[in-house]
Amino acid sequence: EEDISGQVMLSSENTYILTKQVFVQDGAVLHIEPGTVIKALPDDGQGLAPALVVMKGGKLIADGTREHPITFTSALSPEQIDAAGKRGLWGGLIVNGKAPISTSGGTNNVEGLYGVPYGGTDPDDDSGVLRYVRVWHGGRSIGQDNEINGITLAGVGRGTTVEFCEVAYNLDDGFEMFGGTVDLKYCSVVQVGDDAFDLDEGYQGRGQFLFVKMDSESDRGHEMDNKTGGDLDSQPRTNPLFSNVSILGPGIGNGAGDGVKAREGCGGMYVNYLIVDIDDDGFDNDDVGTEVRTQNRDDYMAATPNALYWSSQNIIANSDDVFGNAAETDSFVADTTDPQVVSNTMALVDPRPSGHSSAYRTAEAVPSDPFFDQAGYRGAFGTWNWLEGWSILDDEGRLGSGPVASGDIADMVHMEEGWNLISLDVDPYISTTFDFFHEMMEDIAYVSSPGGYFRPGDLFSSLRELEVGKGYYVKMHESMMMDFHGADTSINYNLSAGWNLIAYEPQMSMPPSQAFGSLIDADVLEYVSGFDGGAILYDPDQLPFLNTLTSMENGLGYWVKVSTATPFEYPTSPARVAIASDSPIENAVNGNLNPTPVYMFINGTVNSGGASLGNDSWVDVKTESGLLVGSMNIYDDKYLVTSAIYGDDPTTAAIDGAVSGEELVLEFQGTEVGSVVFDANQVVRTNIELSDILPNTYALSSAYPNPFNPATTFSYAIPTESKVAITVYDITGRVVQNLVSGIQSAGVHAVTWHGLDNLGKSVASGTYFIRMNAPGFNNVTKVMFMK
């Protein structure tokens, strides 16, 4: 009930009742937690509607989430809301800023409010954050005959964030911008009683992904004016840059007004619009000034801000008239092809174009400005329905979801934290990198392929389009499930000699020996490599049980190396069960490695001189600085299971892998046994000689340091895989700690004792004995612990 001064936090644990007009004063900040609900009474007791008003210099930080949006709504019950017609049941949200407006003197007052000015000289003015904010059932009068808009942004600057916001069932306009430069992104207006987006007084902001659902009582999707003080050419001119807007009317004969009305000297750029089912003009340009009105983008750029550009690729379909007034006399043209919106009825609204809609083709380039994302479709929606989970349409059960075309298939891929190699193996209808990954954009660090890279927010990203049948490396901030829909497709590949990065589109898994049987029979397949938690390899000439790639999985990408150019397609027969020899060696991948998308492979043989090494023996690959970049498991005392050697991650500043041309050291239990030169995309074989370095007898060394505190280290030697026990005893013969117990591989091993007992407690100062027992061997070394 009190005005806001200083710093105030509204908690989601409470429901707040707005009983009057509450003002966030100059210098004050009102913070609203995600999930908070604010309910307003219809009347303040004096005939005026309660409203939240942010004064110039005040801030509103209402930063909700999709799962926990912030809601402003009526305090009436749902039944009372329905009985009252849903609209005009409280006031609304008003934000006043210090950005430029066209009114003489540079300031003005919101209608119905006295002594509440807006406007100024700072286009970057920051009035806070509105993110996932819902304003429902408002629009009641705040002053004599002054119905309020759902969200009023008066002289608000571009330093303010407004995204994922919705106005629904407002009696007056949805969003109204009185001048200013504030930007809008992912904003929705549902069934308001006047205009969805109303712009005037020299508004110069940007907007993208804007949605309007009209009913028979709505007026216009946009109403945009410029005239101030009787001057059609007043400055700054109303000149928005808008892209990717969907306006769904109620249908011809069902009332409502124009899709877009630009009048009184309004300028601006309008691209990638989708306007359908309008009962009046799709685009009406009336009461013009001296602004250039054109469908030639170069002419607009030469004359802006005193120009209006309406793209000829904007869709205006199934409407009473395409153009009105000046737009008609200027011979403007539009795409009148039905975009086949999935559903536009009052009972079910799914604003996404259906699978094979023309809206997914010929999307125009967005304005050259970092605010805009280049989408691969016209309208506010591709295959992702960004209203899902928070819009009133979803709350009411009227929002469509699921595939955009019958017969679609869904791919689900588990994305690991770090690097993944996935593929585009269905036709997703839209193929821009931004659109494809949009729902998980906050979780993506980097996407790369031979054709370029994509990094969220990077204007220089060169990977703009994804191709069906290709593979892509994706680096994730965290693990998650990725799912995408599209039309089933069968791909015929034309493989070039060398490496090819392709998809795996069969829905069933199969071993590579079956998937690439035709290439094996033709004797042209050299290797297949994949990436599933790390790089894995299939070599048709390798002993099958030494291959680490044993199963082809739908949704993943694979590198295929062939000796000569050849056509290829996957078999369509059901997958057989992989034979036992195709099973991977258990625990053949070292979990201490840092997988990157730059790698080579190494495998080979071992000469152990007849010693039994066991299957927990490894030959490590290290850089000169000691960085572990590869590790080959020794199998059956004579084989080196294929391992990746990882290069430097191109997305990090630190050197975290091998560098091209670098000589790497091969180590067995800390002893150098060979070397290899790092050369990405190569597969090398090596032979490791271990017979000269393996011990001939059991041995237990002295510990060092001795006496010690806090730890001492000793080594022990095993000539062949054996059961070994190493135990620490005190001077009374009592067991203090068991250090080693179980089967140990041949070689020399090091152990550190930290002066602890089996309970993890520090032992007392004194003498202790370390005893080693192995087949035919028993030895003791003495140590002294000093505190």
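Two strands pair if DSSP finds at least two bridges between them. The exercises below apply this rule and others to a predicted model.

**Exercise 1. Strand pairing in a sheet**

Decide how strand 45 and strand 46 are joined, and place them in their sheet.

Step 1. Strand 45 covers residues 618-622 and strand 46 covers residues 628-635. Five bridges join the two strands. With at least two bridges needed for a pair, strand 45 and strand 46 count as paired. Their directions are antiparallel.

Step 2. Within this pair, Asp620 of the one strand faces Ser631 in strand 46.

Step 3. The sheet is open and has seven strands, in the order 49-48-45-46-47-44-50, with mixed pairing. At its edges stand strand 49 (671-677) and strand 50 (683-689); each has a single partner strand, so one side of each is left without a neighbour in the sheet. On average, neighbouring strands of this sheet are turned by 25° against each other, direction ignored.

Step 4. Gly626 belongs to the loop between strand 45 and strand 46. Is Gly626 buried, partly exposed or exposed? Buried requires under 20% relative accessible area and exposed over 50%. Gly626 has a relative accessibility of 43%, so it counts as partly exposed.

Step 5. Gly626 and Val665 are 39 residues apart along the chain, and 8.8 Å separates their C-alpha atoms.

**Exercise 2. Uncommon backbone geometry**

Locate two cis peptide bonds and two residues with positive phi, and state the accessibility of the latter.

Step 1. Most residues other than glycine have a negative phi, and most peptide bonds are trans.

Step 2. Thr304 and Pro305 are joined by a cis peptide bond with omega of about 15°. Pro305 sits in the loop between helix 2 (297-303) and strand 27 (307-310).

Step 3. Another cis peptide bond links Asn709 to Pro710, again with omega of about 15°. Here the proline, Pro710, is in the loop between strand 51 (699-700) and strand 52 (712-718).

Step 4. His137 is not a glycine, yet its phi is positive, at about 65°. The loop that holds His137 runs between strand 12 (128-136) and strand 13 (141-143). The relative accessibility of His137 is 7%, so this residue counts as buried.

Step 5. Asp287 also has a positive phi, near 55°, and is a residue other than glycine. Asp287 is placed in the loop between strand 25 (281-286) and strand 26 (292-294). A relative accessibility of 33% makes Asp287 partly exposed.

**Exercise 3. Domains and enclosed space**

List the domains, then work out where the largest cavity lies in relation to them.

Step 1. The domain assignment of the protein chain gives domain 1 (7-353), domain 2 (406-571), domain 3 (599-689) and domain 4 (699-785). The C-alpha centres of domain 2 and domain 4 are 50 Å apart.

Step 2. How many cavities of 30 Å³ or more are there? The count is two.

Step 3. The largest cavity holds about 50 Å³ of space. Its lining consists of Trp499, Ser529, Trp559, Tyr599, Phe601 and Asn681. Four of these residues are nonpolar, two are polar and none is charged.

Step 4. Domain 2 (406-571) and domain 3 (599-689) both contribute to this lining, so the largest cavity lies between them.

Step 5. The second largest cavity has a volume of about 50 Å³. It is lined by Tyr186, Tyr377, Gly382, Trp384, Trp386, Ile430, Phe434, Asp435 and His438. By class, its lining has six nonpolar, two polar and one charged residues.

**Exercise 4. The second largest pocket**

Describe the lining of the second largest pocket by position, by strand and by class.

Step 1. The volume of the second largest pocket is about 340 Å³. It has 21 lining residues, and those nearest its centre are Glu467, Gly469, Lys470, Gly471 and Leu501.

Step 2. At least two lining residues come from each of strand 36 (471-476), strand 38 (493-495) and strand 39 (498-503). Which strand gives the most to the lining of the second largest pocket? Strand 39 does, with four residues.

Step 3. Sorted by class, the lining of the second largest pocket comprises eleven nonpolar, seven polar and three charged residues.

Terms used
Residues numbered from 1 in each chain as written. Predicted model: local features only at pLDDT ≥ 70, side-chain atom pairs only at ≥ 80, totals over all residues. Heavy atoms only, no water. Buried < 20%, exposed > 50% of the residue type's maximum accessible area, 1.4 Å probe, protein only. Axes fitted to C-alpha atoms, helices over the stretch in contact; angles between N-to-C directions. Domains from an automatic or database assignment. 1 Å grid on protein atoms, 1.4 Å probe; cavity = no way out; pocket = protein on both sides within 12 Å on 5 of 7 lines; lining within 4 Å. Points joined across faces, edges and corners; volume = space filled by probe spheres on them. Nonpolar A, V, L, I, M, F, W, Y, C, P; charged D, E, K, R; others polar.
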